[in-house]
Amino acid sequence: MKKALSLFFVLLLVMSIIITGCSQPAKEEPKKEEPKQEEKASEQKIKVGFVYVGPIGDGGWTYAHNEGRKYLEEKLGVETIIKESVPESQEAEKVLNDMIDQGANVIFTTSFGFMDYTEKVAKANPDVKFLHCSGYKQLDNMSNYFGRIYEARYLSGIVAGLKTQTDVLGYVAAFEIPEVVRGINAFTLGVRSVNPDAVVKVVWTHTWYDPAKEKEAAKALLDDGADVIAQHQDTPGPQQAAEEKGVWSIGYNTDMKEMAPKAYMTAPIWNWGPYYVQQVKAVMDGTWKSTSVWEGMKDGIVELAPLTDVAPAEAKKAVEKVKADIISGKEKIFVGPIKDQTGAVKVQDGVVMTDEELLSVDWFVEGVEGKIK
Amino acid sequence: MLYKVVKRSEITQGKSFGIRTVAIILALLTSAIFIMILNLNPLEVYAALIKGAFGSNYRINQTIITAIPLVITSLGIAIAFKMKFWNIGGEGQIMMGAFAASFFALRYPDLPKPILLSLMMIAGMVAGGLWALIPAFFKAQWETNETIITLMMNYIAIKWVTYLQYGPWRDKGALGFPKIPNFSDNAILPNFLGIHIGWIFALILIIIVYIFMNRSKLGYEISVLGESENTARYAGINVKRTIIIALLISGGLCGLAGMIQASAVSNTLNVEVSGGVGFTAIITTWLASLSAPFILLASILFAALIQGGSFIQTAFGIPAAAAMILEGMILFFVLGSEFFIKYKLTKNGSAKPAVSKGEI
C-alpha cells in the first residue's frame with residue numbers, strides 16, 4: 001500500500017514536470033514569437049554572428065577570421081557575437097539557431113564542415129543572411145566565399161624549393177578535401193618550378209585544430225628527411241617542430257614569425273576584413289545579394305606574408321616576379337602540362353584547369369608523396 | 001588538531017539538503033571571483049545563465065533536447081550502478097547503438113517510416129546491450145574489473161565509428177570531406193509539440209525503470225546483488241544470470257539513446273553523435289542517487305547548465321574554455337558535497353564510527 005502510494009506520488013511528480021517543463025512551450029509558442037519579430041522589425045539593427053571552428057587563440061585560421069571581425073566592428077561599428085571551437089557536426093546547427101535566437105541577422109560560418117548545417121538553417125530562416133566560407137553551396141540567403149590561397153601557396157613553394165637542401169619537403173595537411181589537395185598541388189608546382197627534383201611528402205592529421213597532433217605530424221616528416229615544413233592547419237604547431245629541429249618552415253593563415261623566428265620564412269595569409277566590411281555594409285544598405293566569391297591576390301583577400309631573413313636571398317626577386325604575373329593574370333598556376341602522381345598527363349599542354357575542376361580536385365600532381373583516400 | 005573522516009550512519013533529508021545548498025552557494029561565490037577576474041558582473045552572468053537555459057521557448061526546447069539523451073543514458077547506467085557494476089561505458093554503448101541504427105537507416109532508406117524507425121530502435125538497443133554484455137560476461141565469468149573494460153571499450157566504439165566515417169561509409173558526394181551520408185526522412189524521428197519524440201520515450205522509460213527497479217523480482221535481485229554478492233547467493237539468486245541481464249538492459253538503454261541522437265539530432269552517424277553524454281550521464285546518475293524520478297530532475301538541471309553555459313559564451317564573449325571552467329566549478333562543488341553527505345569530519349577520538357546496516 002505504501003509502495004503504491006509512493007509510486008503514485010512519483011508519477012504525480014513526473015507528470016507535473018512534464019506539464020511545467022514540456023507542454024508550456026507548445027502552449028505559449030504563438031504568443032511569445034510575435035513580439036520578438038516586432039522587436040526585430042522595429043530595431044532593424046544589424047547583429048553579426050561568427051561561428052568559428054577553433055579558438056581565437058589558435059594563432060592561425062580562426063585568428064585571421066577574428067581579425068577580420070574586429071576590423072568589421074571598427075569600420076562599421078556593428079555589434080558582433082562569436083562562438084569558438086564549434087565542432088563540424090549537428091552542434092553547428094544548434095549554434096546557428098542559438099545565434100538567431102540571440103538576435104543575429106547576418107552570420108558567417110568559417111569552416112568547410114559547417115556547410116550543410118548552414119544550408120539547413122538558412123532554409124528555415126529566410127530573413128537571416130548566411131555567408132559560408134570555403135564551401136560551394138548557395139541559396140538566396142546564403143553566400144559562399146573563399147580566396148584563391150593556392151596563388152600564395154605557389155609563391156611559398158618557390159621559397160621552399162629554393163631553400164631545401166635535402167630536396168624533401170614536408171606538408172602537414174588536415175583533410176582530404178579539394179581545398180587542401182589544391183593547396184598541396186599549388187605548393188608542389190611552386191617548389192618544382194625552381195627545383196624539379198624535389199618531392200613533397202604529405203601527412204594527414206584529420207583535424208583542423210590540434211596543436212600537439214600537428215606538431216607530431218611535422219616531427220614525423222622531419223624524421224623522414226624533410227627540411228622544410230609547410231602546413232594546411234590552423235595552428236603554428238608544425239612551425240614549432242621545425243624550429244626545434246633547427247630547419248625551416250612555411251606558415252599559413254597569419255604571419256607566424258613570432259612562433260618560430262629561426263625557422264619561419266613566409267606564409268600564405270588571409271585578409272578577411274575588407275570583404276566582411278563590404279558584405280555587412282551591403283546588408284545595411286539593403287543591397288546585399290547572395291554571391292559565390294572566389295577572389296585571389298589581385299583583390300587582396302589572400303597575400304604572401306613578407307619574407308623573413310631566413311628565406312633564401314634569391315627568393316625575394318623570384319617571388320616578386322611571379323607575384324606580379326599572378327596579379328596581372330599572366331601566371332595561372334594550374335596550366336598544362338601537369339602530370340599526376342603516376343606520371344600520366346592529367347592536364348594537356350596549354351590547357352588551364354577550370355574553376356570547377358579546381359574546386360573538386362581529387363588527385364595529386366607529380367612530385368607529391370602521399371595518398372588521397 | 002587531527003581530523004578523521006567518519007562514515008555517517010544516517011542523514012536526515014533536511015541535513016543533506018542543507019549541505020547541498022551550502023555547496024551551491026559556495027560554488028556560485030567561487031565562480032563569482034572567477035567571473036570578476038574576467039571583468040564581468042557575476043550577477044548578470046548568472047542571470048544570463050538562467051535566461052539562456054529557460055528564457056524563451058526556443059531555449060527551453062534546446063534544454064529539453066539536451067536533457068533527453070542524458071535521461072535515457074542515466075537510466076541505463078543507474079541499473080548497472082545499483083548492482084555496483086560500474087558501467088563507465090555509456091559512451092561506447094551509445095556509439096554502438098547509433099551505429100547499428102545507422103546501418104538500417106543507410107541500408108534501407110526507403111522502408112516505411114514506422115517500420116524503419118522500429119528496426120533502428122531495436123537494432124540500437126540490441127547493439128548497445130551486446131556491447132555492454134562483453135564486460136558483463138567477463139565480470140560474471142572471471143570477475144574482471146568492469147570499470148577498466150567498459151572504459152576501454154568506449155574507445156574501441158569511437159574508433160570504429162571514426163573508421164566508418166573515414167572509410168567504408170564515407171559520403172561519396174561530400175568531395176572527400178569525411179562524413180557519413182545523411183539519413184532519409186523516413187529514418188528521422190518525428191517531432192511532437194516542437195521537440196523530437198525522444199522526450200516521450202524518456203518519460204515513459206523513467207516510469208518503466210522505476211517500476212522495474214522497485215516492483216519487479218529482477219529489479220530486487222539487482223539491488224540485493226549490489227548490497228552483497230554473498231547475500232544474493234545465499235538467497236538463491238543466480239548471480240551470473242542477473243549480471244548479464246542487468247547489463248543487457250543497461251547497455252540497451254544507452255544504445256537507444258544513441259539511436260535517438262543519430263536519428264533525431266544528427267540525422268546521420270558521426271563521432272560527435274554522443275557528444276560526451278555517456279560520461280555526463282554518470283554524473284547525473286550519481287547526483288540523482290540512482291533514483292529514476294530524480295534522474296529527470298538532475299538531467300534537466302545539467303542540461304540547463306550546458307545550454308546556459310553556451311548562451312553566456314556568445315552573450316558576453318567569454319572564451320569557450322572559461323565557460324567550461326565555470327560549469328566545471330559548479331559541478332566540482334556539488335559533487336564534492338556528496339562526500340560530506342556520506343561522510344563527516346570529526347576531531348580524532350571523539351566519535352565512534354557508525355556501524356552501517358550491511359556490515360554485520
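Me: Before we get to helix H7 of chain A, how are the axes and angles defined here?
Reply: Axes are lines fitted to C-alpha atoms, for helices over the stretch in contact, and angles run from 0 to 180 degrees between N-to-C directions. Please keep in mind that this is a predicted model.

Me: OK, so which strands does H7 of chain A lie across, and at what angle to S6(A) does it run?
Reply: Helix H7 of chain A, residues 211-223, lies across strand S6 (168-173), strand S7 (199-204) and S8 of chain A, and its direction makes an angle of about 160 degrees with S6(A).

Me: What's the order of the strands in that sheet?
Reply: The sheet of chain A is open and has six strands, arranged as S10-S9-S8-S6-S7-S16 with parallel pairing. Its edges are strand S10 (264-266) and strand S16 (368-369) of chain A, each of which pairs on one side only.

Me: And how many bridges are there between S8 and S9 of chain A?
Reply: Two bridges link strand S8 (residues 228-232) and strand S9 (residues 248-250) of chain A in the parallel sense, and A:Val228 is found opposite A:Trp248 of S9(A).

Me: What about helix H8 of chain A, which of its residues are buried?
Reply: In H8(A), which spans residues 237-245, the buried residues are A:Gly237, A:Pro238, A:Gln239, A:Gln240, A:Ala241 and A:Ala242. The buried residues of this helix pack against S6, H7, S8, S9 and S10 of chain A, and after H8(A) comes A:Gly246, which has a positive phi near 80 degrees.

Me: Switching topic: which strand of chain A does S1 run parallel to?
Reply: Strand S1 (residues 47-51) of chain A runs parallel to S2(A), to which five bridges join it, and A:Gly49 sits opposite A:Ile81 of S2(A).

Me: Is S2 of chain A enclosed or open, and why?
Reply: Strand S2 (residues 79-83) of chain A is largely enclosed by the rest of the structure, because four of its five residues are buried.

Me: Which residues have the most contacts inside the largest nonpolar core?
Reply: Those are A:Val51, A:Val159, A:Ile184 and A:Ile229, in a core of 109 residues. Helix H5 (residues 149-163) of chain A gives the most to this core, namely nine residues. Domain 1 (45-147 + 272-299) and domain 2 (150-267 + 305-369) of chain A both contribute residues, so the core lies between them.

Me: Take A:Val51, then; what is it in contact with?
Reply: Leaving aside neighbours within four places in sequence, A:Val51 has contacts that include A:Lys83, A:Val86, A:Leu96, A:Ile107, A:Phe108 and A:Phe114. There is also a second, separate core of 100 residues, and it includes B:Val161, B:Ile260, B:Leu296 and B:Ile330.

Me: How far apart are the C-alpha centres of the two domains of chain A?
Reply: The C-alpha centres of domain 1 and domain 2 of chain A are 27 Å apart. Their contact takes 17 residues from domain 1 and 20 residues from domain 2 of chain A. On the side of domain 1 that touches domain 2, helix H2 (residues 61-76) of chain A gives the most, with four residues, and that side divides into eight nonpolar, seven polar and two charged residues.

Me: Last one: how many residues does each chain put into the contact between chain A and chain B?
Reply: Chain B puts in 36 residues and chain A puts in 41 residues. On the side of chain B that touches chain A, the largest share, eight residues, comes from H12(B), while the residues of that side divide into 21 nonpolar, 13 polar and two charged.

Definitions and conventions
Residues are numbered from 1 along each chain as its sequence is written. Chains are lettered from A and ligands numbered from 1 in the order in which they are written. This is a predicted model: local features need pLDDT of at least 70, side-chain atom pairs count only at pLDDT 80 or more; totals for chains, interfaces and linings use all residues. Two residues are in contact if their C-beta atoms, placed from the backbone, lie within 7 Å. Ala, Val, Leu, Ile, Met, Phe, Trp, Tyr, Cys and Pro count as nonpolar, Asp, Glu, Lys and Arg as charged, and the others, Gly among them, as polar. Two strands pair if DSSP finds at least two bridges between them. A nonpolar core is a set of buried Ala, Val, Leu, Ile, Met, Phe, Trp, Tyr and Cys residues joined through C-beta atoms within 7 Å. A residue is buried if 20 or more other C-beta atoms lie within 10 Å of its own, exposed if 12 or fewer, and partly exposed in between; C-beta atoms are placed from the backbone. Domain bounds come from an automatic or database domain assignment.
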